Every structure is written in structure tokens, then in C-alpha cells.
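Good morning, everyone, and thank you for coming. I would like to walk you through one structure today, taking the ligand first and then the sheet and a few single residues.

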Amino acid sequence: MSSQKRIILVTGSNSGIGYDLVKFLASKGHIVYLAARNEAAGKEAQQKLKQEHNLQVKFVQLDITDLKSVQAAKDTIEKAEGKLDVLVNNAGISYMDQPQNASTVDISLIRKTFEPNFYGMIQTTQTFLPLLRKGSDPVILLNTTDMSSNTFQARPDSSIHTVAYNTSKAAANSYIIALAHELSAEGIRVNAVTPGFTTTKLNGYATGGKTTEQAAELLGEWALLGPEDKHKTRLFWSDKGQFPW
Ligand SMILES: NC(=O)c1ccc[n+]([C@@H]2O[C@H](COP(=O)([O-])OP(=O)(O)OC[C@H]3O[C@@H](n4cnc5c(N)ncnc54)[C@H](OP(=O)(O)O)[C@@H]3O)[C@@H](O)[C@H]2O)c1
């Protein structure tokens with residue numbers, strides 16, 4: 001794990017795993033940007049970290065589906081820091097409360113889910129890439145899910161297939177693989193990590209999952225790859241080790 005002070009952006013970090021990831025990273029002394037599409041929710045989360053945990057984090061408004069908002073966030077961080085070391089693509093939605101069977105899922109629901117999970121994630125990554133190129137030992141990390149793994153889903157005993165969510169995350173994984181190949185010569189590490197089932201807003205606070213603190217610890221480890229971890233790229237990782245794409 002990197003001991004250098006890192007400049008880190010976590011998208012969608014006003015709640016859930018992202019919030020606890022910001023907490024984890026800030027508690028280790030890094031400069032962390034808590035990002036939220038809703039400014040009030042983001043500032044409230046920033047305040048909570050200060051009041052409850054005595055942690056100072058920076059806030060930036062960022063709706064990953066709105067290119068203007070993404071560019072404005074990039075400008076803010078560029079002006080303040082001049083670079084970015086770590087981008088965590090954490091923001092996402094699932095619409096798990098709506099029917100997502102393969103044979104009947106509403107096509108508009110698939111489009112709505114792909115908008116942040118795939119297109120938004122790509123435009124955020126592309127926009128921040130020039131800042132990451134100025135960073136030291138840069139890292140791009142995707143918070144993905146076990147359910148995005150085609151190998152995992154093709155098993156006879158696979159878990160529930162929520163088609164809009166799983167396919168959007170599988171497509172995101174595919175983009176991560178392509179990006180990792182492309183950026184490897186520049187030494188930019190690009191990986192995907194699944195925290196595993198975690199009880200959050202995304203799944204209607206379904207019980208029996210991990211805590212967001214547990215999920216954040218695994219992601220934190222992969223966000224903080226150090227210079228000694230140069231070979232750790234194009235990997236899909238879980239709490240049990242390497243995961244099949
Ligand atoms: N929970 C799990 O079991 C699990 C397992 C594996 C992977 N993951 C992944 O973990 C990530 C975080 O989810 P979570 O479980 O922590 O749920 P969550 O609490 O609902 O967090 C999702 C975050 O993404 C934000 N977001 C949604 N659309 C956005 C947009 N267009 N622009 C910017 N931010 C946006 C949400 O903002 P709002 O508050 O404004 O909606 C929220 O802050 C997701 O990518 C998810 O796929 C979750």
C-alpha cells in the first residue's frame with residue numbers, strides 16, 4: 001500500500017461504499033475529494049466526516065452523466081492540485097427494485113442504467129486522464145460487482161441475474177480491460193474490484209451484506225497501489241483473491 005500522500009477522487013461518495021472509502025483514505029492522511037451529483041448531499045457528507053470523525057475532505061459537485069459537470073470538477077481539481085493520482089469510479093445505480101429478467105426487461109431501463117454505469121464512467125475517466133497522466137504512480141479503479149462477471153454468471157448455480165445492472169457493469173469491466181491494455185506502457189494501473197454483497201441504498205439496504213466499512217477497506221487497498229505494485233494492472237479482484245472476468 002502506498003505510503004506517499006495521494007490526491008484521490010471518489011465518484012458518488014456521498015453515501016454507501018464511496019462514503020466509507022473516502023473516510024478510509026482520508027484517515028490515512030491522503031487528500032481526498034468526496035464527489036456527489038447532489039451538492040447538498042455531498043456537503044452534508046463532508047460535514048459528517050468532520051464532525052463525527054474529525055476528517056477534513058474536499059468536496060466537488062460531480063454528476064458523471066453530465067459532461068459539463070465532469071469538466072467543471074476536473075477544472076476544480078486541476079486548479080487546486082494540478083494533478084490527480086487516483087480515480088475511483090464508484091458512482092453507480094442498479095434499479096434492483098424494477099423487473100430485470102432477460103426476456104422482458106424494459107429497454108429504457110437498460111439505457112437508464114448504462115448511462116452512469118457505462119457511459120458516465122467512461123466520460124469521467126477520459127476527462128480526468130490528463131490529470132492522472134500528471135500524477136505519480138496513477139491508479140484508475142472501478143467498483144464493480146461479482147454479478148458483472150460473465151464467467152461467474154454462466155455457472156449453473158449463478159446468483160440472480162439483474163440484467164440492466166449486470167450487463168452495464170460487465171460492459172464497464174470490458175472497457176476497463178481495454179483501458180488497462182492501452183495505458184500499461186504509461187505505467188497507469190487500471191483495475192476492477194468487487195467488494196461483494198454490501199448492505200446499501202443500491203440494494204434497498206438488503207440485510208446480510210457486508211458493512212460499507214468492510215467493502216471500503218478492500219477498495220482502499222487497490223486505490224493505494226504503490227510504486228512497488230507496477231505489475232498490478234488489468235486485474236479483477238475480490239476479497240477471496242483474483243476473480244474471473
Ligand atoms: N452494494 C453492493 O452490494 C455492491 C456490490 C458490488 C459493487 N457495488 C458498487 O458499489 C458502488 C457504490 O454503490 P453502493 O452500494 O455504495 O450504493 P449507494 O449508496 O447507492 O451509492 C451509489 C452512489 O453513486 C451515486 N450516483 C448515482 N448516479 C450518479 C451520477 N449520475 N453521478 C454521480 N454519482 C451518482 C449515488 O448518488 P445519489 O446519492 O445522489 O443517488 C451514490 O452516492 C456502485 O458502483 C455499485 O455498483 C455495490
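Before I point at anything, let me fix one term: a polar contact here is a pair of N or O atoms within 3.5 Å. Please also keep in mind that what you see is a predicted model.

With that cut-off in hand, look at the ligand, where an oxygen atom is 2.9 Å from an N or O atom in the side chain of Lys 169, so this pair falls within the 3.5 Å that a polar contact requires. A polar side-chain atom of Lys 201 lies 2.5 Å from an oxygen atom of the ligand, while in the case of Thr 198 it is a backbone N or O atom that lies 2.8 Å from a ligand oxygen. As for how much of the ligand is covered, on its own it has 880 Å² of accessible area, and the protein covers 93% of that. There are 27 residues around the ligand, and those that come nearest are Asn 90, Asn 143, Tyr 165, Thr 200 and Lys 201.

Let us now turn to the sheet, which is open and is formed by eight strands in the order β3-β2-β1-β4-β5-β6-β7-β8, with mixed pairing. The strands at its edges are β3, residues 58-61, and β8, residues 241-242, and each of these pairs on one side only.

If you follow strand β1, residues 7-10, you will find that it runs parallel to β4, residues 86-89, and that three bridges join the two; within this pairing, Leu 9 has Leu 87 as its bridge partner in β4. Strand β1 also pairs with β2, again in the parallel sense, over four bridges, and there Leu 9 stands opposite Tyr 33.

In a regular strand the side chains alternate between the two faces of the sheet. In β1, Ile 7 and Leu 9 lie on one side and Ile 8 and Val 10 on the other, and all four are buried, so both faces of this strand are covered.

Two helices deserve a look beside these strands. Helix α2, residues 39-53, lies across β2 and β3 and runs at about 170° to β3, whereas helix α7, residues 212-223, packs on the sheet and touches β4, β5, β6 and β7, its direction making about 155° with that of β5.

I will finish with three residues from the loops, beginning with Ser 13, which is found between β1 and α1. Is Ser 13 buried or exposed? Its relative accessibility is 0%, and because buried means under 20%, Ser 13 counts as buried. Its contacts beyond its sequence neighbours include Tyr 33, Leu 34 and Ala 35, and although Ser 13 and Ala 35 are 22 residues apart along the chain, their C-alpha atoms are separated by 5.5 Å.

The second residue is Ile 64, in the loop between β3 and α3, and at 7% relative accessibility Ile 64 counts as buried too. Among the residues that Ile 64 touches are Thr 11, Val 70, Ala 91 and Pro 116.

The third is His 30, found in the loop between α1 and β2, and with a relative accessibility of 7% His 30 counts as buried. What does the side chain of His 30 reach? The side chain of His 30 reaches the backbone oxygen of Gln 4, at 3.4 Å.

How values were computed
Residues numbered from 1 in each chain as written. Predicted model: local features only at pLDDT ≥ 70, side-chain atom pairs only at ≥ 80, totals over all residues. Heavy atoms only, no water. Pairing = 2+ DSSP bridges. Contact = heavy atoms within 4.5 Å. Axes fitted to C-alpha atoms, helices over the stretch in contact; angles between N-to-C directions. Near = heavy atom within 4 Å. Polar contact = N/O pair within 3.5 Å; in protein donor to acceptor, adjacent residues only side chain to side chain. Areas by Shrake-Rupley, 256 points an atom, 1.4 Å probe, with all protein chains shown as cover. Buried < 20%, exposed > 50% of the residue type's maximum accessible area, 1.4 Å probe, protein only. Lists of a residue's contacts leave out its neighbours within four places in sequence.
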